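Hi,

Here is the structure I said I would pass on. Have a look at it first, and then read on for what turned up when I went through it.

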Amino acid sequence: MAVSLRSHEVSDLCIGKPALKSLSLSATAGDALLALKKGGDTCLGVWVADRSSPERKLISGKLCVGDILCFLGVDDNLDSPADALKKPVSDLLPKDAGLVRRVEPDSSVLEALDVILDGASCLVVPIRSGGRRKLHHHSAAGGGGAEFCWLTQEDFVRYFFNSIAHFAPIAAHSVSSLRLVRSDVLAIQYDDAALDALPLIRRALADQTSVAVLTDDGELVGEISPSILAASDETVAAAFATLSAGDLMDYMDHHGSPPEAAMGVIKARLKEKGWKGMLELLESELYPAFSSLSSSSDEESSRRPRRLRSAGSYKRGSEEVIVCHPESSLAAVMVQALAHRVNYVWVVDEEDYGLVGIVTFADVLKVFRDQLKQSLL
């Protein structure tokens, strides 16, 4: 097993992957938001010129819509979002420059996996052949015309899943027996202020997980996830500042066409707080009202917490929340996560659907790395 997998190179994981899109560190937050909206990408690379060789680019970080929304959610920026969107993206990037690291195409998959498990949120790989094998544990650099692609935790999990026959005994074990269920989840109560979720969302973006939304009894009724934030626009920052976590989920379910009643509440609370800039931004946007087909009973129902009905997934609005049980097998959880393009699966109790914890790709990858190390002994 170990011998065959050790022979694989990073380039094997890059087959068919598109070149990442990037923008300069001096670009504005508004430039980044526009690029994300127009390109449909979940994230952008951020580059700077190499001081020692200006024609080379250093990929110094990555940026997504969630980063911009968290940035706009700061009090000063809520008061003047137009000015905030003019600030450079350097103001938005995480302080940890090691979150994005570079590996060469001919590095081994296991070497690259060690870089991921050492704390990198993603890797950048030059789209080219040849060159010396080398790992860079800081920024990613390339020639002026070089292109890169992203490698994420998902790519590595998919790689191991495609070789699952090599891990047959361990793949059939339950996630609880493998101690993969983390209880230290990022969570907020349904009726808590959504603004309280912003620090949690920042952590979720860094950890590539999500923020659970719970009832007072600890039942999972939804989440505020990076994927739904990616489909949002800058005005969601106003919803964060004025709504509860539960109402925010309902707001985002409407994907840019929230009910007039919700918009009225947001505008009234912005006036109360004196955030005139965000209020002006909202009033400059066009929000199609719901048709008369939406009855008051439907709107009331949408504000009530949903109840989980089974393991696998359940739907709230247009988003699916992916769940499993403590006795679900590792292979089954991997299938769920990969099928829905998420880096985690929530773990709920089979009887009352209370949140037990979360299984993350980062921890799943540690299991496979440990298995490979044992086979080398």
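Let's start with the cysteines, and with the cut-off: a disulfide here is a pair of cysteine sulfur atoms within 2.5 Å. Keep in mind that this is a predicted model. By that cut-off, the structure holds 0 disulfides. Two of the cysteines show how this comes about. The cysteine sulfur closest to that of C14 belongs to C149, and at 3.5 Å the two are too far apart for a bond. For C43 the closest cysteine sulfur is in C122, 6.3 Å away, which is again too far for a bond. Both C14 and C43 are away from the surface: C14 is buried, with a relative accessible area of 14%, and C43 is buried too, at 16%.

Next, the charged pairs. How many salt bridges does a search of the whole structure find? The search comes up with 11 salt bridges. Here are some of them.

The side chains of D114 and R369 form one, with 3.0 Å from N to O. D114 sits in helix α7 (residues 109-117) and R369 in helix α18 (residues 361-376), so this pair ties together parts that are 255 residues apart in sequence. The two partners differ in how much surface they show: D114 is partly exposed, with a relative accessible area of 33%, while R369 is buried at 9%.

E154 and R158 also meet through their side chains in a salt bridge, at 2.9 Å from N to O. This one stays within a helix: the two residues are 4 apart in helix α8 (residues 153-162), which separates them by about one helical turn. In general, an α-helix has 3.6 residues a turn, so residues three or four places apart point the same way. Here E154 is the buried partner, at 9% relative accessibility, and R158 is partly exposed at 32%.

Back in α18, the side chains of K366 and D363 make a salt bridge of 3.7 Å, N to O. K366 and D363 are 3 residues apart in that helix, again about one helical turn. K366 is partly exposed, at 39% relative accessibility, whereas D363 is buried, at 10%. If you follow these two further, you arrive at a network of salt bridges that links R182, D184, D363 and K366.

While you have α7 on screen, check its other side chains. Which residues of α7 are buried? They are V109, L110, A112, L113, V115 and I116. Just after α7 comes G119, which takes a positive phi of about 125 degrees.

There is also a sheet I would like you to see. It is an open sheet of 3 strands, ordered β9-β10-β11, and its pairing is mixed. The edges are β9 (187-189) and β11 (220-224); each has a single partner strand, so one side of each is left without a neighbour in the sheet. From one strand to the next, the twist averages 30 degrees. Strand β10 (residues 211-214) pairs with β11 in the antiparallel sense, over 4 bridges. If you want a spot to zoom in on, V213 stands opposite G222 in β11.

Two helices to look at around that sheet:

- Helix α10 (residues 198-207) packs on the sheet and touches β9, β10 and β11, with its direction at about 135 degrees to that of β10.
- Helix α13 (residues 245-253) lies across β9, β10 and β11, and runs at about 65 degrees to β11.

One last residue, from another strand. V46 is found in strand β2 (residues 44-50). Is V46 buried or exposed? With 0% relative accessibility, V46 counts as buried. Leaving out residues up to four places away in sequence, V46 touches L23, S24, L25, L58, I59, S60, G61, L63, V89 and L93. As for A32, which is 14 residues from V46 along the chain, the C-alpha atoms of the two are separated by 9.4 Å.

That's what I have for now. Write back if you would like to go through any of it together.

Cheers

Terms used. Residues numbered from 1 in each chain as written. Predicted model: local features only at pLDDT ≥ 70, side-chain atom pairs only at ≥ 80, totals over all residues. Heavy atoms only, no water. Salt bridge = Lys/Arg side-chain N within 4 Å of Asp/Glu carboxyl O. Buried < 20%, exposed > 50% of the residue type's maximum accessible area, 1.4 Å probe, protein only. Pairing = 2+ DSSP bridges. Axes fitted to C-alpha atoms, helices over the stretch in contact; angles between N-to-C directions. Contact = heavy atoms within 4.5 Å.
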